[in-house]
Amino acid sequence: MTADLIALLTTTIALATPLLLAALGELIGERAGILNIGVEGLMLTGAFAGMLGSYATGSPTLGMLAACATALLLGVLFALWVVTLDVDQVVAGVAINLLAVGTTGVLYRAFFGNTGSALTVAAFAPLAIAPGVALLAPLRQPAPVYAALALVPLVWVFLFRTRLGLRLRAAGEAPHAAESVGVNVVAMRFGAVLAGALLAGAAGGYLSLAYSNTFVEGMSAGRGFIALAIVVFGRWQPLGVLAGSLLFGAASAAQFQLQAAGVAVPYHLLLMLPYVLTLVVLAIASRAARGPAALAQRRSLCATAD
Amino acid sequence: MLRALAAVVVAFAASALVLLVSGARPLPALAALVAGAVGDRFALTDTLLKTCPLLLTGLAVALAFRCGFWNIGAEGQLLMGALAATAVGRTTGAATFPLPLLAALGAATAAGALWATLAALLRVLRGVNEIVATIMLNFIAARLVGWAVHGPLMEAAGRYPQSDPVPTAALLPMVAGRVHLGVALAAALAAVIWALLFRTSVGFRWRVVGDNAQAARVAGFSPERAVLTAMLASGALAGLAGGIEVLGVTGRLFEQFSSGQGYTAIAVALLARLHPAGVTLAALFFGALAAGSGAMQRVAGVSAVFVAIVQAGTLLALLALEASRGRTIAAAEHP
């Protein structure tokens, strides 16, 4: 029983981490008024580039850097469209997702398609914290898990205790008013998108370099979209986002535990659990949640009287 | 129209870059793509067959977007339609034609409508963001299909995760070669949806709500009711697309039933500027692309997901062209 609980907790943290990274990134973007539904594609791109980086260099750290850098590049593309060109954010996000699915799919099959053997790369090892103490097993996680957890207070301090964070939030609440007092809304939004892309890339890198040691086509498996839901659930607060990520991590972990325990529920129905939970949680949390006032609005179309 | 063409050209040029990076020679690969789409009678038939589900789901997405509802869920609605058509077609197949066919098509339409209405209800009653809701419903539908073909609908032989064939009495008749009656039905529905949108008061309400929900409320229209009815119609179209695919092309249900037609539908609808006539042309274009990409995979060894890059390039080019003219492609445009 205790062993089960420890295993559940360990898996929960492992599964919550990519959601936490992606959702923190999405949170920064949404606070600046940019809804990025391309986070799924950024994550997939990060997973692919991370695997490629580690495959080429043998170093998971360099792989992680490759994941972040590649997602950042894709983020620049997204920002050029939604911030500089000021186009519809949902459509541009859909395009980013399609671009990621297509590019990773074509390149993966071109580079590794006919190898036949399972592709594995060097990955992050769990930290050896107090070996021998069984109860501390959930703490033995790879380094990116700790980095992700450390980001929660950092993002909070940045958003709510720095001038830059205040300006960023102003760009998401009242862009015209912010501009009239000298805030560079374009720069705030551009920077926020890039920060979000970087974190989504890290989330993807975590999938291929820490949670597993390989890449599978479509391996983001909707986690980017679940991250969008977590931001709503967390009411656009870093701590809320952490809570949401842990909740979804726990739901996914429970699904594996139930499977392992041989519960008589068909495997495919268990796989639905995280998605059903997302809908239930949103149905409960959405009414009370109020996002940034100018979220997903194009600058040129924002109400001028904000 | 010109801008749509320009967007497509830019998209192809950009996609050729990815081919270069992947190590394939772009020109032979693209030649295989074109030959596979329009090269001969077989290719043209393939194009028509691939166009059919894209036309129906494209109409579904266009209709929902017109009403201001971001239905990213045509994929799930299509899958639910395919699931329902298979289940009903298998159970009623012993009756005389055309009863089983009509029952199966009806079930597909109803299942799609129900799946779409779930997302509409979540937004109207609970304020749930429809983008996230419809995407989650896509994942749930895909898992339901997976469960069905491993469980209750699995073939009697029990070897592969697929259903047994649907009995002939439930299948769509062919009109020419491999082209089934569903293709004609889809073309007719494009005209019906045009009339519904631009010649009826229901369609007028949908468009007003999509343009400005506040103004609609002031004018005495209920945006909630408009969203619910629009999603009923939108889901019905996408569900029918799935049903027709089973009853006219595959004859059975299997895992990975959809190659992402419901997502392609978004590109179809937007390229068409949400107009049913444009949807027909855009669906033909993406249908040809889907047919050609299969040939390209066989001949040039380039993965068929290449199509997604062309779709993404088309959307991005289109957005940039619209932005340069200070317009928006998602907002309703009157004919």
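**Figure 1. Leu189(B) at home in helix α7 of chain B.** In this predicted model, Leu189(B) sits in helix α7, which covers residues 181-199 of chain B. Is Leu189(B) buried or exposed? It counts as buried, because 20 C-beta neighbours lie inside 10 Å, and 20 is the number a residue needs to be called buried. Leaving out residues up to four places away in sequence, Leu189(B) touches Leu56(B), Leu59(B) and Leu237(B). For a sense of scale, take Met231(B): Leu189(B) and Met231(B) are 42 residues apart in sequence, and their C-alpha atoms are 16 Å apart in space.

**Figure 2. Leu56(B) and the residues around it.** Now shift to one of the partners of Leu189(B), namely Leu56(B). Which residues does Leu56(B) touch, once those up to four places away in sequence are set aside? The list runs Ala186(B), Leu189(B), Leu237(B), Ala238(B), Leu240(B) and Ala241(B). Leu237(B) turns up here as a contact of Leu56(B), and Leu237(B) is also touched by Leu189(B).

**Figure 3. The largest nonpolar core, with 240 residues.** Leu56(B) and Leu59(B) are among the residues with the most contacts inside this core, along with Leu247(B), Val268(B) and Ala269(B). Which helix gives the most to the core? That would be helix α8 of chain A, residues 185-211, which puts in 18 residues.

**Figure 4. Where chain A meets chain B, with 39 residues from chain A and 43 from chain B.** On the side of chain A that touches chain B, the elements giving two or more residues are α4 (89-112), α9 (223-233), α11 (267-271) and α12 (273-285) of chain A. The largest share comes from α4(A), with 15 residues. What kinds of residues does this side of chain A have? By class, there are 28 nonpolar, 7 polar and 4 charged residues.

**Figure 5. Helix α6 of chain B, from residue 130 to residue 150.** How far apart should the ends of this helix be? At 1.5 Å a residue, its 21 residues should span 30 Å, and the end C-alpha atoms are indeed 30 Å apart, so the two agree. Most of α6(B) is covered, with 19 of its 21 residues buried. While you have a helix in view, here's a handy rule: an α-helix has 3.6 residues a turn, so residues three or four places apart point the same way.

**Figure 6. Chain B as a whole, with 13 helices and 2 strands.** Stepping back, the C-alpha trace of chain B spans about 60 × 50 × 35 Å along its principal axes. A compact globule of 335 residues would have a radius of gyration near 20 Å, and because chain B has 20 Å, the two agree. Of those 335 residues, 61% count as buried. Looking at contacts in chain B with a separation of 6 or more, 78% are between residues 24 or more positions apart.

**Figure 7. Chain A as a whole, with 12 helices and 0 strands.** Follow the sequence of chain A and the pattern reads α-α-α-α-α-α-α-α-α-α-α-α. Along the principal axes, its C-alpha atoms fill a box of roughly 60 × 45 × 40 Å. For 306 residues, a compact globule would come out near 19 Å in radius of gyration; chain A has 20 Å, which agrees. Buried residues make up 52% of chain A. Among contacts in chain A with a separation of 6 or more, residues 24 or more positions apart account for 77%.

How values were computed. Residues are numbered from 1 along each chain as its sequence is written. Chains are lettered from A and ligands numbered from 1 in the order in which they are written. This is a predicted model: local features need pLDDT of at least 70, side-chain atom pairs count only at pLDDT 80 or more; totals for chains, interfaces and linings use all residues. A nonpolar core is a set of buried Ala, Val, Leu, Ile, Met, Phe, Trp, Tyr and Cys residues joined through C-beta atoms within 7 Å. A residue is buried if 20 or more other C-beta atoms lie within 10 Å of its own, exposed if 12 or fewer, and partly exposed in between; C-beta atoms are placed from the backbone. Helices (H or I, at least four residues) and strands (E, at least two) are DSSP runs, numbered from the N terminus. Two residues are in contact if their C-beta atoms, placed from the backbone, lie within 7 Å. Ala, Val, Leu, Ile, Met, Phe, Trp, Tyr, Cys and Pro count as nonpolar, Asp, Glu, Lys and Arg as charged, and the others, Gly among them, as polar. The radius of gyration is taken over C-alpha atoms; the globule rule is 2.2 Å times the number of residues to the power 0.38. The expected span of a helix is 1.5 Å times one less than its number of residues.
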